[in-house]
Amino acid sequence: MICSVKQSVITPTINGSDTIFRRKNPSAIQRSLILPSLNGNKSSKPVLSISKPLHVSKVESFALSKPQKRSLIACNAYEADRSEPIEAPEVKSEAAKKVKIGIYFAVWWALNVVFNIYNKKVLNAFPYPWLTSTLSLACGSLMMFISWATRIAETPKTDFEFWKTLFPVAVAHTIGHVAATVSMSKVAVSFTHIIKSGEPAFSVLVSRFLLGETFPSSVYLSLVPIIGGCALAAVTELNFNMIGFMGAMISNLAFVFRNIFSKKGMKGKSVSGMNYYACLSMLSLLILTPFAIAVEGPQMWAAGWQTALSEIGPNFVWWIAAQSVFYHLYNQVSYMSLDEISPLTFSIGNTMKRISVIVSSIIIFHTPVQPVNALGAAIAVLGTFLYSQVIFPLLLMNIV
C-alpha cells in the first residue's frame, strides 16, 4: 500500500504499525472532529497508536487557529502498481460468482426446456427412441471432438484407468438415457418428469438395501411426499401408459447407479465437468449403437424417416438436429455448473428445472391436466425440494 501525505505544519514519521506525529508548534493545533483526539499537553512526542488495521481513503479537517480551506493531511491508499484507490476485490468476485451461477441456471433450464420440446416433437413423428438416443450422443461426441481439435476446449488427459472407472458410469448413463427417451415416446413429457422427480427415493433405497448405508428418520420422512405425489400423479394420469411409466422408473434407477459409480470411481480425477461429460457421451455412444441396431434396425429407421419427412417436411431434419444439439448442451452446462456450485444449490436448481419443463410442456403441447393430477405433481416436486434440504447437511457431516 502506498500512502501519500500532504503536510504544512505537522511532520509525520511512520514506523512499524504506529504513527508518531512530531509537532513544530504544538500550541497551534486544535482537536480534529474526525480523527481520535490528540493530547494537547506540551509533550514532545504525542503518539496515536492503532491496535487494529486502519484502512484510510482520505483524512482531512486538521485546522489551524485561523480557518483554512486547504486540508493539512490527505492520505489515500493505492495498490503498488496503480494510481487509483483500492477497491475491495472480495466484493467484486462474490458478485461476479453470483452472476455466473445465475447465468448457468438460466442457460441450463432454457436448454433443457428446448430439448424436451424438440425431443417430443421428434418422437411423435418418428417413434424410434433407440435411434433418437443414439443421435443425441453422436452429436455431442462430434461437437466435443471439434472443440478439442480446434482448441476451443482443452483436451482432457486420460489414461486406461480413467476409462476403466468410467465404463460402469457410462453403462448406467446409457440405460437411463434410453429409458427416459422410451418413456417420453409413450407418455406426455410432463408425466415423465413427474415420475423422474422420484429419483431421490430410489437413491435412498438403493443406498440402504444394496450398499448398507443408514439414514436418519428425517430422510425417510422426506420421501413420503415424493412417493405419494408420484403415485397420485400416476393414478390420475389421463394418458397413462405402462411402458412410459416403467421407462421413467428404470431411468431413475439407472441414474442412481450412475451417480454411485461416478462418486466412487472418479475421486481424485482431474477432469473438468465439461470434458467428463464429453468422455461419458463417447463411451455411452459405443455401448448404445449395437443395441440400437439390434432393437430397431436400419430398415425400420428408413421407413420411419420417409414417413416423417412426408408428414412434417424439411422441418423434421431441423427437429432431429435441434434435439441432438440441445441434449448435449444442457447436460454439458449442468456438469459445468457442478464445478461452481454446491450439491445443495445444484439439487435446488434441478428441482426448479423439472418445474420449468413440466409447466412449459403442458402449455406448449396443451396436455390435459386434472386438478388432482396437478396436486400430485406439486407434492412430488415439493418432496424433492425437502429431500435436498435434509440430505445436504448430512453430506457435509459425511453421514451419507
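Which residues make a nonpolar surface patch of about 440 Å²? In this predicted model, the patch is formed by Ile175, Phe240, Met242, Met246 and Ile250. Helix α7, which covers residues 242–265, makes the greatest contribution to the patch, namely three residues. Phe240 belongs instead to the loop that links α6 (217–235) to α7. With a relative accessible area of 36%, Phe240 is classed as partly exposed, because this class lies between the limit of 20% for buried residues and that of 50% for exposed ones.

The patch may now be placed within the whole chain. The secondary structure consists of 12 helices and five strands. The chain has 400 residues, and 44% of them count as buried. Its accessible surface amounts to about 21800 Å², and carbon and sulfur atoms account for 65% of that area. Contacts also link distant parts of the sequence: among those between residues at least 6 apart, 80% join residues at least 24 apart.

From the surface, the description passes to the interior. The largest nonpolar core contains 48 residues, and those with the most contacts inside it are Phe126, Met144, Trp148, Leu166, Tyr276, Leu280 and Phe316. Several helices take part: α1 (89–125), α2 (129–149), α3 (160–186), α8 (273–295), α9 (298–312) and α10 (315–337) each supply at least two residues of this core. Helix α8 provides the largest share, with 12 residues.

Trp148, one of the core residues with the most contacts inside it, shows which parts of the chain can meet around a single side chain or backbone position. When its neighbours within four places in sequence are set aside, Trp148 is in contact with Ala153, Glu154, Thr155, Pro156, Asn275, Ala278, Cys279 and Met282.

Helix α3 also contains Ser185. Is this residue buried or exposed? Ser185 has a relative accessibility of 17% and therefore counts as buried, the limit being under 20%. Apart from residues up to four places away in sequence, Ser185 touches Lys120, Leu123 and Pro129.

A second buried residue can be examined in helix α12, which spans residues 371–396 and includes Asn373. Asn373 counts as buried because its relative accessibility is 6%. What does Asn373 contact, leaving aside its neighbours within four places in sequence? The residues in question are Ala233, Thr236 and Glu237. With Ala233 there is a specific atomic approach: a polar atom of the Asn373 side chain lies 2.8 Å from the backbone oxygen of Ala233.

Finally, two loop residues deserve attention for their backbone angles. Arg151 is situated in the loop between α2 and α3. Its phi angle is near 65 degrees, a positive value in a residue other than glycine. Arg151 has a relative accessible area of 75% and so is exposed. His366 is located in the loop between α11 (343–365) and α12. The phi angle of His366 is near 55 degrees, and here too the value is positive in a residue other than glycine. His366 counts as exposed because its relative accessibility is 66%, where the class requires over 50%.

Notes. Residues numbered from 1 in each chain as written. Predicted model: local features only at pLDDT ≥ 70, side-chain atom pairs only at ≥ 80, totals over all residues. Heavy atoms only, no water. Helix = DSSP H or I, 4+ residues; strand = E, 2+ residues; numbered from the N terminus. Buried < 20%, exposed > 50% of the residue type's maximum accessible area, 1.4 Å probe, protein only. Polar contact = N/O pair within 3.5 Å; in protein donor to acceptor, adjacent residues only side chain to side chain. Contact = heavy atoms within 4.5 Å. Areas by Shrake-Rupley, 256 points an atom, 1.4 Å probe, with all protein chains shown as cover. Patch = residues over 30% accessible without salt bridge, like charges linked within 9 Å, V, L, I, M, F, W, Y side chains within 5 Å. Salt bridge = Lys/Arg side-chain N within 4 Å of Asp/Glu carboxyl O. Core = buried A, V, L, I, M, F, W, Y, C linked by side-chain atoms within 4.5 Å.
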